[in-house]
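Work through the exercises below with the sequence and the model side by side. Each task is followed by a stepwise solution.

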Amino acid sequence: MSSTQIFQVIYALIAIFGTSLTVIRLQAGDWLAALWPALIAGFCVYRLFTVTEE
């Protein structure tokens, strides 16, 4: 695996975890606490689409 693929896997795992944490917090009614994991997941998804091969 190249370093780019490793970073893509890491970003994908963080995005999955952040999304699940956001859903759990939204279901609990903690809207403000759900904001940070949602932003982190959004950033990771953005990076997944913008990472280029070296």
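**Exercise 1. Find which residues of α2 are buried, and on which side of the helix they lie.**

Step 1. The buried residues of α2 are P37, A41 and C44. Buried means under 20% relative accessible area, exposed over 50%, and partly exposed in between, with a 1.4 Å probe and protein chains only. Helices are DSSP runs of H or I with at least four residues, numbered from the N terminus.

Step 2. These residues cover an arc of only 60 degrees around the axis, which puts them on the same side of α2. The arc is that of the directions from the helix axis to the C-beta atoms.

Step 3. W36, Y46 and F49 are exposed on the other side of α2.

Step 4. The cover over the buried residues of α2 includes α1 (3-27).

This is a predicted model, in which local features need pLDDT of at least 70 and side-chain atom pairs count only at pLDDT 80 or more, while totals for chains, interfaces and linings use all residues. Residues are numbered from 1 along each chain as its sequence is written, and side-chain values use heavy atoms, with hydrogens and water left out.

**Exercise 2. Compare the spans of α1 and α2 with the expected values.**

Step 1. The expected span of a helix is 1.5 Å times one less than its number of residues.

Step 2. For α1, 25 residues should span 36 Å, and the end C-alpha atoms are 36 Å apart, which agrees.

Step 3. Helix α2 covers residues 35-50, 16 residues in total. From first C-alpha to last, α2 reaches 23 Å, close to the expected 22 Å.

Step 4. Just after α1, G29 takes a positive phi of about 90 degrees.

**Exercise 3. Identify the buried residues of α1 and what they pack against, then examine G18.**

Step 1. T4, Y11, A15, G18 and T22 are the buried residues of α1. They pack against α2, where contact means heavy atoms within 4.5 Å.

Step 2. G18 lies in α1 and counts as buried because its relative accessibility is 6%.

Step 3. Leaving out residues up to four places away in sequence, G18 touches P37 and A41. Both of these partners are among the buried residues of α2.

Step 4. As a check on distance along the chain, G18 and S2 are 16 residues apart, and their C-alpha atoms are separated by 24 Å.

**Exercise 4. Describe the nonpolar patch on the surface and the places of I6, I14 and I40.**

Step 1. The patch is formed by M1, I6, F7, V9, I10, L13, I14, I16 and I40, with about 880 Å² of accessible area together. Patches are made of residues with over 30% relative accessible area and no salt bridge; like charges are joined within 9 Å, and nonpolar side chains (Val, Leu, Ile, Met, Phe, Trp, Tyr) within 5 Å. Areas come from the Shrake-Rupley method with a 1.4 Å probe, and for residues only the protein chains shown count as cover. A salt bridge is a side-chain nitrogen of Lys or Arg within 4 Å of a carboxyl oxygen of Asp or Glu.

Step 2. α1 gives the most to this patch, with 7 residues.

Step 3. I6 is in α1 and is partly exposed at 38% relative accessibility. I14 is also in α1, partly exposed at 36%.

Step 4. I40 is in α2, partly exposed at 43%. I40 and I14 are 26 residues apart in sequence and 8.0 Å apart in space, C-alpha to C-alpha.

Step 5. Not counting residues up to four places away in sequence, I14 touches I40 and C44.

How values were computed: Helices (H or I, at least four residues) and strands (E, at least two) are DSSP runs, numbered from the N terminus.
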